[in-house]
Amino acid sequence: MGAHHRWVLAAVALSGCLDADERCGPGSLAAGADRACAMPGWLDRGYDVHVPAGWDGASALPVVMLFHGGGGNRGGADRTTCPVGAVDSPQCLAARATARGFVVVVPDGTGGRPLRGIRTWNAGGGEDGWDCTSGAACQSGVDDVAYVGDLLAELGAALPIDARRLYATGISNGGAISHRLACELPTPLAAIAPVAGANQFADTGGACPRATPVLQIHGTEDPCWQYDGGTQACLGEGGRKTSVTTTLEGWRLRNGCAPTFIDTALPDVDPTDGVTVTHRVWDGCAAATELYRQDGAGHTWPSGWPYFGEDRIGRVGRDVGNDQLLDFFASHVAP
Amino acid sequence: MWRRSLIVVGLAGCGSLSTYRTAEPIARGHTRYDLAVDVGSFRDRAQDTRTPAAHVELAARHGVTATTDVTLKLYVPGAELGVQHALGGGRWRWAIAAALGGARTKEGGGSTDALYGHLRLTALATRRTSARWAFTVGPVVTGGVFAPRAGGHAEGLLLGGFANAAWRFGGCWQVVPELSLHVTAAGEVPVRGTVAQLGVAIGRGW
């Protein structure tokens, strides 16, 4: 065969088999479970689920859905809610929520192409100069309302969830999708608590007929989603974003509130954070409409993780946090 | 309106689309080693994104017969095995090539936990104009698959072409600048749109 050839083939860089996530079907989620679950019918749209350790195995469970911000993913979503980003902290939203008996579900948005790990939610907008909020999911018209509907159906097959106690929260794009779900999800949400994200969907003409208790949490120095709306963005170019004022006026009307409100200055728990909080509660509402206006705070989770430098995203306020958010959820049940 | 995406180096998981060779076979028993770098742009029309990228690869191409050589290519973060067979010719030399490759990516840095695979078929037509210079063009068909850990799968078919110029120097050395353009004919892997790459390979034969 000719000269002696020494031919050594390097191993192919595929490191063995991919250990795919499984569906979290009936009986697969016990008390205290922390699982990564595949979401059938959707490409790379899995979710993490955290089941309360104190669950008796039979009672219907309230569900908190936590939506990551634009460009993020489910892996970072809960970390954003943790003080200094410490994922093992008992003060993270998932830990506090499960300790209080909530199931926490953290899904993945649509991945970009080719950067599949850059994920976004279709929270509306995109016409007449309005920002398409946001990114790939909005530009390509992904039906994230359908995804969440499928997610809840999938979760409901695995756990006895209480359909009257479904809650949504998230930061930025995650907050905006929370608003849209309150408007469009076939199963009414009991309450939403969007952080640093407003109702781009309804404020740009989307149909939003349903009353839903809302606790909006927003910093007045938010450079990524300005409190007064506008075109300023932290990543890339964008259109106009709606304002907190416009969003809450929309909810005030849907929720049957009077135009008057009461402002309460909350205790300045951390006087060194450069932030104070005013709690605004509208009067006479059929569904609660409230605002934590974090004066001086940026595009950050209250008492959460400064995921970028203060020069990029602004300050983290440490006067309110996950407990206040969960208190709001715990006090509202869908009719 | 174009929307600019994050600038990344070492595009996570995207397979090699490059050729960096002529239709001329590697002599039996000889090996050529190439190092290539390229920059590119991935445009996805549905998502209205344009993602710049950079790519580095190492290749070893070994002649197994007078007309056939095999290649092992390593790139970030995958690998590829290929074969090229010369079809002969006169003023123009012709060859066909096939390559099968894949990569495993992990969550982070813009990538997700997934397996990628690709199959690339290339036809090469080379015109050698001097002892130093040869010019090569050809069509490229690339099929790709994306299989994420979190479920589902996606595929894609790119149709494209390349053009390069190979410059020999110092006896055994060669530099090959190359431009390639690809359009998605079906599916969405790596994008639903177009890919453009401009790069250069430098190599030496033994």
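# A tour of chains A and B

Start by selecting A:Trp282, which sits in strand E11 (residues 276-282) of chain A. Keep in mind as you go that this is a predicted model. Is A:Trp282 buried or exposed? With 23 C-beta neighbours inside 10 Å, A:Trp282 counts as buried. Now add its contacts to the selection: leaving aside residues up to four places away in sequence, A:Trp282 touches A:Arg252, A:Cys257, A:Ala258, A:Phe261 and A:Thr289. Put a distance label between the C-alpha atoms of A:Trp282 and A:Phe261 and you should read 4.1 Å, although the two residues are 21 apart along the chain.

**Helix H7 of chain A**

One of those contacts, A:Arg252, takes you to the next stop. Select helix H7 (residues 244-254) of chain A, where A:Val244, A:Thr247, A:Leu248, A:Gly250, A:Trp251, A:Arg252 and A:Arg254 are buried. What do these buried residues pack against? Show helix H6 (200-203), E9, E11 and strand E12 (289-295) of chain A, and you have the elements that the buried residues of H7(A) pack against. Before leaving, click on A:Gly256: just after H7(A), this glycine takes a positive phi of about 70 degrees.

**Helix H9 of chain A**

Next, select helix H9 (residues 322-330) of chain A and colour its buried residues, which are A:Asn322, A:Leu325, A:Leu326, A:Phe328 and A:Phe329. Look down the helix: they cover an arc of only 150 degrees around the axis, so they are on the same side of H9(A). A general rule is worth recalling here: an α-helix has 3.6 residues a turn, so residues three or four places apart point the same way. To see what covers the buried residues of H9(A), display elements including strand E3 (61-67), helix H2 (93-99), strand E7 (161-171), strand E8 (191-195) and strand E9 (214-219) of chain A.

**The nonpolar cores**

From A:Phe329 you can step across to A:Tyr167, since the list of its contacts includes that residue. Not counting residues up to four places away in sequence, A:Tyr167 touches A:Pro62, A:Val63, A:Val64, A:Met65, A:Leu189, A:Ala190, A:Ala191, A:Ile192 and A:Phe329. Which residues have the most contacts inside the largest nonpolar core? They are A:Val105, A:Tyr167 and A:Leu189, in a core of 82 residues. Apart from it lies another core, of eight residues, with B:Phe146, B:Ala147, B:Ala154 and B:Val189 among them.

**Chain A as a whole**

Zoom out and show chain A as a cartoon: there are nine helices and 12 strands to find. Its C-alpha trace spans about 95 × 50 × 40 Å along the principal axes. The radius of gyration of chain A is 21 Å, which agrees with the value near 20 Å that a compact globule of 335 residues would have. Of these 335 residues, 54% count as buried. If you draw a contact map, counting contacts in chain A with a separation of 6 or more, residues 24 or more positions apart account for 62% of them.

**The barrel in chain B**

Now switch to chain B, where 10 strands close into a barrel in the order E1-E2-E3-E4-E5-E6-E7-E8-E9-E10, with antiparallel pairing. From one strand to the next, the twist averages 20 degrees. Select strand E1 (residues 31-44) and strand E10 (residues 193-205) of chain B: these two pair in the antiparallel sense over 13 bridges. For a register check, pick B:Ala36, which stands opposite B:Ala201 in E10(B).

**Backbone details to finish**

Most residues other than glycine have a negative phi, and most peptide bonds are trans. Here are some exceptions to click on.

- A:Pro114: the peptide bond from A:Arg113 to A:Pro114 is cis, with omega near 5 degrees. A:Pro114 is in the loop between strand E5 (110-111) and strand E6 (119-120) of chain A.
- B:Pro77: the bond from B:Val76 to B:Pro77 is also a cis peptide bond, with omega near -5 degrees. Look for B:Pro77 in the loop between strand E3 (68-75) and strand E4 (78-89) of chain B.
- A:Asp128: phi is near 55 degrees, a positive value in a residue other than glycine. A:Asp128 lies in the loop between E6 and helix H3 (135-139) of chain A, and is exposed, with 9 other C-beta atoms within 10 Å.
- B:Tyr20: phi is near 55 degrees here too, again positive in a residue other than glycine. B:Tyr20 belongs to the segment before E1 of chain B and counts as buried, with 28 C-beta neighbours inside 10 Å.

Methods
Residues are numbered from 1 along each chain as its sequence is written. Chains are lettered from A and ligands numbered from 1 in the order in which they are written. This is a predicted model: local features need pLDDT of at least 70, side-chain atom pairs count only at pLDDT 80 or more; totals for chains, interfaces and linings use all residues. Two strands pair if DSSP finds at least two bridges between them. Helices (H or I, at least four residues) and strands (E, at least two) are DSSP runs, numbered from the N terminus. Axes are lines fitted to C-alpha atoms, for helices over the stretch in contact, and angles run from 0 to 180 degrees between N-to-C directions. A nonpolar core is a set of buried Ala, Val, Leu, Ile, Met, Phe, Trp, Tyr and Cys residues joined through C-beta atoms within 7 Å. A residue is buried if 20 or more other C-beta atoms lie within 10 Å of its own, exposed if 12 or fewer, and partly exposed in between; C-beta atoms are placed from the backbone. Two residues are in contact if their C-beta atoms, placed from the backbone, lie within 7 Å. The arc is that of the directions from the helix axis to the C-beta atoms. The radius of gyration is taken over C-alpha atoms; the globule rule is 2.2 Å times the number of residues to the power 0.38.
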